[in-house]
Amino acid sequence: MSRIAACFAELKAQGRAAFVPFVTAGDPDFDTSRAILEALPGAGADLIELGMPFSDPMADGPAVQASSLRALHAGATMARTFKLVRGFRQRDAKTPIVLMGYYNPVHARGAERFVREAAEAGVDGFIIVDLPPEEDAVLLKPANAAGIDIIRLVTPTTHDARLVTVLNGASGYLYYVSITGVTGTKSFAENDVKTALARIKKASTLPVAVGFGIRTPAQAAQIARIADAAVVGSAIVSVIAERQKDGKDKIVAAVSELCRALADSIHAQAGAKVRA
Amino acid sequence: MSTLPNSIRSGPDASGHFGAFGGRFVAETLMPLLLELEQAYEAAQNDPSFHKELDGLLTHYVGRESPLYFAPRLTEHFGGAKIYLKREDLNHTGAHKINNCLGQILLARRMGKTRIIAETGAGQHGVATATVAARFGLPCVVYMGEVDTERQKPNVFRMNLLGATVRPVTSGSRTLKDATNEALRDWVANVEDTFYIIGSVVGPHPYPTIVRDFQTVIGNETRAQMLAQDGKLPDLVVACVGGGSNAIGMFHPFVDDAEVEIHGVEAAGEGVDTSRHAATITKGSPGVLHGARSYLLQDAEGQILEAHSISAGLDYPGVGPEHSWLKDIGRVKYFSATDQEALDSFQLLSRLEGIIPALESAHALAHVAKIAPKMRKDQAIAVCLSGRGDKDVFSVAQALGEKI
Ligand SMILES: Cc1ncc(COP(=O)(O)O)c(C=O)c1O
């Protein structure tokens, strides 16, 4: 069983939802980023989405854009992203890591080589925001062969007919984008998310994570009651931005504190979820 | 060349690819919208009333057809091929951009969209979009890099006069690529009511096709005018290439005419061997940006590099996917001209023909300056004069060290 499948199976057995933090690889610098990553499981992370920095993150709001640029200015490269994952894997064999980002850095490396290096480093899944099902065969084939999941995005604009296309080839889990908008800019409406989740659950047995519009522990709890996982990104990388000048230890402490609050809030919602 | 389709004009394929280029590399939120746009565009294409309305506006609002002007003194100056200028500079709003904007806003109206957004570099596309938005009474937001709002102040003022809101973009390199990112972000957040009028043959399918089709009026007219005035097709067709919309509009009606040579001219900035240029096809490599696979200026990691050109309209690290394909199959040859060469041609055309060209168009003229003297006097070159230079007088004065 893959790490992602094992993670969701265990959560299901415990009747609780996953806390999924998003951080950018190399933000604000390599060493701090490694320390943040290593602290996340202890702060309650069940699965980690690790951003691959890109100069032109067109689906992201200001917080994640800035995070990507901080990492690039500090010398982030794909090789160093893999190095982060490899280091993390030596200490943690259990927590799944999903790489999230844009296609061009993958394209520049070549999809085959990218997948091979990711697999060697211990990556479990990919979310490539600007690679819709119509274009992702080039990544899907080598990823499947390497046992890496392609996590597809479902959005409020994905109507039923299109959902079939999106689900075809999806594995690991589904990522429901809770708002029409870029990351960190709007808040979700609970009823809309509930309706969408019911629709998705009817079409697929994959776990569904919800993200893009979740900032606070209270919002995370709302999502944990109705979905399999709650993803928080902008709020976390904003803490890194605020604490950037304070040095590694304080940044890690601040990120851990926020993550602990989010995780506790999510994990307190045990057993209340809607299941198809 | 047996792998080529019967007509080079038949692309893209059903999924929006020109050979290995193009496609739809966008976030899922936009995918259903792009599919809807494709259908709406197809329906419009098959609706005679759509063409009737567009043609009427092109005639009475834009002032088409635009003249094809034989430039006697420029021809004499170079001492070679006859030079004909396709006068897109005489269009309402001063450039070719309006051809596309009118087509797209009619599409927006058909689709029931009530809000218009656009990106702009030089401000010409922003002005053209603000113009059609005013004409159709729709609110309009134009994203423009902060660097460009500085160097193209008159156009910012024009857009404001036309009732548009100009949003200076402060992210990234603060130029056209970042304005495009910001417009895409706006679109994702407002998919229900908003239509994104893209300004060049870039972006996800079907935009490169839509914009090309609306700009093809340039080449169609030029072809007929050349036959009428010179009795034959031109030996060479030349246009500047930023995103590539005036160029594809000029080239497309000629690509199946094997006897017509076609040259696109990119901005070489301070030189293609420096880091400050915008010669995407000449110096770039294939990658994915703003929804399409095409040539790009990027580093080995796939991070997008900043482009540089004295002309804001060419200052873009990408290029339309159809150009990438035309380059790879060898049908169009791509060259470049430096800031200095463009400045020289800017002044030359002003003095010899009494026409102040846009700095963008001056790049095409700079290439003609190199080629025309080597051609025979009975040969002819048709150049797309994509816009007028009024907007550029401040930056040209500055480059020449003059205060105005
Ligand atoms: C006069 C003029 N020509 C050319 C361009 C470049 O665009 P494209 O390559 O799409 O024609 C611009 C862009 O602003 C322009 O204003």
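# Strand β3(A), its neighbours, and the contact between the chains

Tutor: Let's start inside chain A: from β3(A), the side chains of Ile97(A), Leu99(A) and Gly101(A) point one way, Val98(A) and Met100(A) point the other way, and all are buried. Keep in mind that this is a predicted model.

Student: How many residues of β3(A) are buried?

Tutor: Take the two directions together: Ile97(A), Leu99(A) and Gly101(A) on one, Val98(A) and Met100(A) on the other, all of them buried. That fits β3(A) being mostly covered, and the count of buried residues is five of its five.

Student: What is the strand order in the open sheet of nine strands in chain A?

Tutor: Build it from the pairs. β2(A) and β3(A) run parallel over four bridges, and four more bridges join β3(A) to β4(A), also parallel. β4(A) then pairs with β5(A) in the parallel sense over two bridges. Carry on through the rest of the sheet and the order is β5-β4-β3-β2-β1-β9-β8-β7-β6.

Student: Which are the edge strands of that sheet?

Tutor: Look at the two ends of the order, which opens with β5 and closes with β6. An edge strand pairs on one side only, and here those are β5 (149-150) and β6 (153-154) of chain A.

Student: Which residue in β4(A) is the bridge partner of Gly101(A)?

Tutor: β3(A) is flanked by β2(A), where Glu49(A) stands opposite Val98(A). On the other pairing, β3(A) to β4(A), four bridges are found. Gly101(A) belongs to one of them, and its partner is Ile128(A).

Student: Which elements do the buried residues of α6(A) pack against?

Tutor: The buried residues of α6(A), a helix spanning 111-121, are Ala111(A), Phe114(A), Val115(A), Glu117(A), Ala118(A) and Ala121(A). After the helix comes Gly122(A), with a positive phi near 105°. The elements those buried residues pack against are α4, β3, α5, β4 and α7 of chain A.

Student: Is Leu47(A) buried or exposed?

Tutor: Leu47(A) sits in the loop between α2 and β2 of chain A. Beyond its sequence neighbours, Leu47(A) touches residues including Ile4(A), Phe8(A), Phe19(A) and Tyr173(A). Its relative accessibility is 0%, and the cut-off for that class is under 20%. So Leu47(A) counts as buried.

Student: Why does the salt bridge of Arg199(A) and Asp160(A) tie together parts that are apart in sequence, and how many residues apart are they?

Tutor: The two side chains meet at 2.7 Å, N to O. Arg199(A) lies in α9 and Asp160(A) in α8, so the bridge ties together two helices of chain A, and the separation in sequence is 39 residues.

Student: Moving to chain B, where is Arg24(B), the partner of Glu38(B)?

Tutor: The closest N and O atoms of Glu38(B) and Arg24(B) are 3.0 Å apart, a salt bridge. Glu38(B) lies in helix α1, 14 residues away from its partner, and Arg24(B) is in the loop between β2 and α1 of chain B.

Student: How big an area is buried between chain B and chain A?

Tutor: The contact draws 34 residues from chain B and 36 from chain A. Glu28(B), Arg185(B) and Glu301(B) supply 25% of what chain B buries there, more than any other three residues. Carbon and sulfur atoms give 53% of the total, which is about 2,700 Å².

Student: Which element gives the most residues to the side of chain B that touches chain A?

Tutor: The elements giving two or more residues are α1, α8, β11 and β12 of chain B. With eight residues, the one giving the most is α8(B).

Student: Which residue of chain A has a 2.8 Å polar contact with the side chain of Asn181(B)?

Tutor: Asn181(B) is in helix α8 of chain B, and at 3% relative accessible area it is buried. Past its sequence neighbours, Asn181(B) is in contact with Asp56(A), Met58(A) and His290(B). The polar contact goes to the side chain of Asp56(A).

Student: How many salt bridges are there between chain B and chain A?

Tutor: One of them is Lys177(B) with Asp56(A), whose closest N and O atoms are 2.8 Å apart. The interface also has 18 residue pairs in polar contact. For salt bridges between the chains, the count is two.

Terms used
Residues are numbered from 1 along each chain as its sequence is written. Chains are lettered from A and ligands numbered from 1 in the order in which they are written. This is a predicted model: local features need pLDDT of at least 70, side-chain atom pairs count only at pLDDT 80 or more; totals for chains, interfaces and linings use all residues. Side-chain values use heavy atoms; hydrogens and water are left out. Contact means heavy atoms within 4.5 Å. Buried area is the accessible area (1.4 Å probe) that two parts lose on being put together, summed over both. A salt bridge is a side-chain nitrogen of Lys or Arg within 4 Å of a carboxyl oxygen of Asp or Glu. A polar contact is a pair of N or O atoms within 3.5 Å; within protein, one must be able to donate a hydrogen and the other to accept it, and residues adjacent in sequence count only if both atoms are side-chain atoms. Two strands pair if DSSP finds at least two bridges between them. Buried means under 20% relative accessible area, exposed over 50%, partly exposed in between (1.4 Å probe, protein chains only). Lists of a residue's contacts leave out its neighbours within four places in sequence.
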